[in-house]
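Welcome, and please open your viewer with the chain loaded. We will go from stop to stop, selecting a few residues each time and looking at what surrounds them.

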Amino acid sequence: MKARTRRPVIALGLIALLFTGFEVATRLERGAIAAQSPIVASDSAIAHRVDRAQLMDDVRTLSSNQFDGRRTASPGGVKARAWIAAAFLSIGLQPAGTSGFTEPFAFTHHSIRGLVTSGRQYTTEYKDAANLLGTLRGSIADAPYIVVSAHYDHLGNDGVHVFPGADDNASGVATLLAAARWFAAHPPRHSFLFAAFDAEEEGLKGSQTFVASGLLPAARMAIDVNMDMVSRNPHNEIFAAGTYQTPWLKPVLQEVQRRSGVKILLGHDRPIHKAGGVEDWTDLSDQGAFHDAHVPFLYFGVEDHADYHQPTDTADKIDPRFFGDVADMIVETLVTLDQQIH
Ligand SMILES: [Zn+2]
C-alpha cells in the first residue's frame, strides 16, 4: 500500500485505539467506584456533631429570595456576605481578612456563557467581590492550619428567574458554619481557617485570590477541606476527592466511614488518561486553587443532579436526614484530621 494511502489508515487506527482506551478506562474507573461498598454506621454509631435544625435554617436562609441568588458583587451577594460575617462574629471566629472578616478583591471576567445567557455579557468588571475569612486558634501554636472552605456565591437572577443555589452552595456554607460552631465549642489542636469564598462561579476567582495573597502562606496550610454541593443524593452517597493525590487521606476516610450515616465514595480525582470519562473534579471547585499551590485537598461533593445550576435548586429538595448525616460526617472528618495530622 502506497505511503500516502497508509497515513489515513494509521490515523484512523490511532483514533480507534484512543477511543477504545478511553472507553476501557471509563468502564474500569466506573467499576472501581461501583465496587466500593462502604458500610454506613447504625444510628447509635453515627458521630453526631452538628445542630441539624440550625443547619437546615442556614441553608434555607442563604437560598432565600432575600439574597437573590447571591451573584458576586450583586446587592444580594453583598447582603449574603454581611450575613455570613455576622455568623462568623456570633460563633466567635477571629477576623482574618484584610478588612475585618472580608478580603475584598476585584477582577475582570470574560465568559463565553455571558454571550448566550440573558442578563450577562462577555466581559464583566467585578469591582466589589470579597472572601470571608475567620480563624480559630488551636492549642499547638506553630502547627499548620486546617482550612475549611465553601463558596457562598451563586448565579444570581437572569431577570426572569432567581437561582437560589440551595445545594450549590448554600449547603457547603451551612456545613462550614456548623463546623465552626463545633470547634468553637471544642477547641482544636490545629488552628482552623474558615473561608467562605466569593466568585467561584466566575472561575474560582475568590480562592485563587486568597491563595495568591499570602495571607496564609501555603507552607502554613496542612490541608484544604472544601465542600461544594453536599446536601442531596438519592443513593445516600457522597464523593470524597483527593485521595489519589494524597493517599494518607484514604485510611482517615475509612475510619470515619465507621461513624458515618452516609456512604463515602472515593473518586473523581484521577486524570483522564487513568479515569477516562469519569470526570476529574480536582479543578472544578475551590480546592483547585489549593492544589495548584501544592496544598493537599479533600473535596466533598455529590454527583450532579437535575437541578444543578437551575432555578429549581431549592431548599425543599434537600433531605434533612441525608444532609445532616453528611454534615456530621464532614465535621467528624475534620475532628479526625485534627487528631491525626502532625
Ligand atoms: Zn458550586
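**Stop 1: Val 326**

Select Val 326, which sits in helix 10, residues 320-340. Helices here are DSSP runs of H or I with at least four residues, strands are runs of E with at least two, and both are numbered from the N terminus. Before you go further, note that this is a predicted model, in which local features need pLDDT of at least 70 and side-chain atom pairs count only at pLDDT 80 or more, while totals for chains, interfaces and linings use all residues. Residues are numbered from 1 along each chain as its sequence is written, and side-chain values use heavy atoms, with hydrogens and water left out.

Is Val 326 buried or exposed? Val 326 counts as buried because its relative accessibility is 0%. (Buried means under 20% relative accessible area, exposed over 50%, and partly exposed in between, with a 1.4 Å probe and protein chains only.)

Now show what surrounds Val 326. Leaving aside neighbours within four places in sequence, Val 326 is in contact with Val 230, Ile 238 and Val 262. Contact means heavy atoms within 4.5 Å. For a distance to try in your viewer, pick Leu 298: this residue and Val 326 are 28 residues apart in sequence and 14 Å apart in space, C-alpha to C-alpha.

**Stop 2: Asp 328**

Stay in helix 10 and select Asp 328. Asp 328 is buried, with a relative accessible area of 1%. What does the side chain of Asp 328 reach at 2.8 Å? The partner is the backbone nitrogen of Val 50. Apart from neighbours within four places in sequence, Asp 328 is in contact with Ala 47, His 48, Arg 49, Val 50 and Arg 52.

**Stop 3: helix 2 and helix 10**

Next, colour helix 2 and helix 10, whose axes come within 10 Å and cross at roughly 105°. That angle makes helix 2 roughly perpendicular to helix 10. (Axes are lines fitted to C-alpha atoms, for helices over the stretch in contact, and angles run from 0 to 180 degrees between N-to-C directions. Angles under 35 degrees count as roughly parallel, over 145 as roughly antiparallel, 65 to 115 as roughly perpendicular and the rest as oblique.)

To see the contact, show Arg 52, Leu 55, Met 56 and Val 59 in helix 2; they meet a set in helix 10 that includes Pro 320, Phe 323 and Asp 328. The residues of this contact divide into 6 nonpolar, 1 polar and 4 charged. In this grouping, Ala, Val, Leu, Ile, Met, Phe, Trp, Tyr, Cys and Pro count as nonpolar, Asp, Glu, Lys and Arg as charged, and the others, Gly among them, as polar.

**Stop 4: helix 2 and helix 5**

Keep helix 2 (residues 52-62) on screen and add helix 5 (residues 166-185); their axes come within 8 Å and cross at roughly 140°. Helix 2 is therefore oblique to helix 5. On the helix 2 side, Gln 54, Leu 55, Asp 58, Val 59 and Leu 62 take part, meeting helix 5 residues among them Ala 170, Val 173 and Arg 181. This contact has 9 nonpolar, 3 polar and 2 charged residues.

While helix 5 is showing, select Asn 169, which lies in this helix. A cis peptide bond joins Asp 168 and Asn 169, with omega about 5°.

**Stop 5: helix 2 and helix 3**

Now bring in helix 3, residues 75-91, whose axis comes within 11 Å of that of helix 2 and crosses it at roughly 155°. So helix 2 is roughly antiparallel to helix 3. Asp 58, Thr 61 and Leu 62 in helix 2 meet Ala 80, Trp 83 and Ile 84 in helix 3.

**Stop 6: His 305 and Met 229**

Move to His 305, in the loop between strand 9 (297-301) and helix 10. His 305 is buried, at 16% relative accessible area. Which side chain joins that of His 305 in a polar contact of 2.8 Å? It is the side chain of Asp 167. A polar contact is a pair of N or O atoms within 3.5 Å; within protein, one must be able to donate a hydrogen and the other to accept it, and residues adjacent in sequence count only if both atoms are side-chain atoms.

His 305 is also in contact with Met 229. Select Met 229 in the loop between strand 6 (221-227) and strand 7 (237-241). Its phi is near 70°, a positive value in a residue other than glycine.
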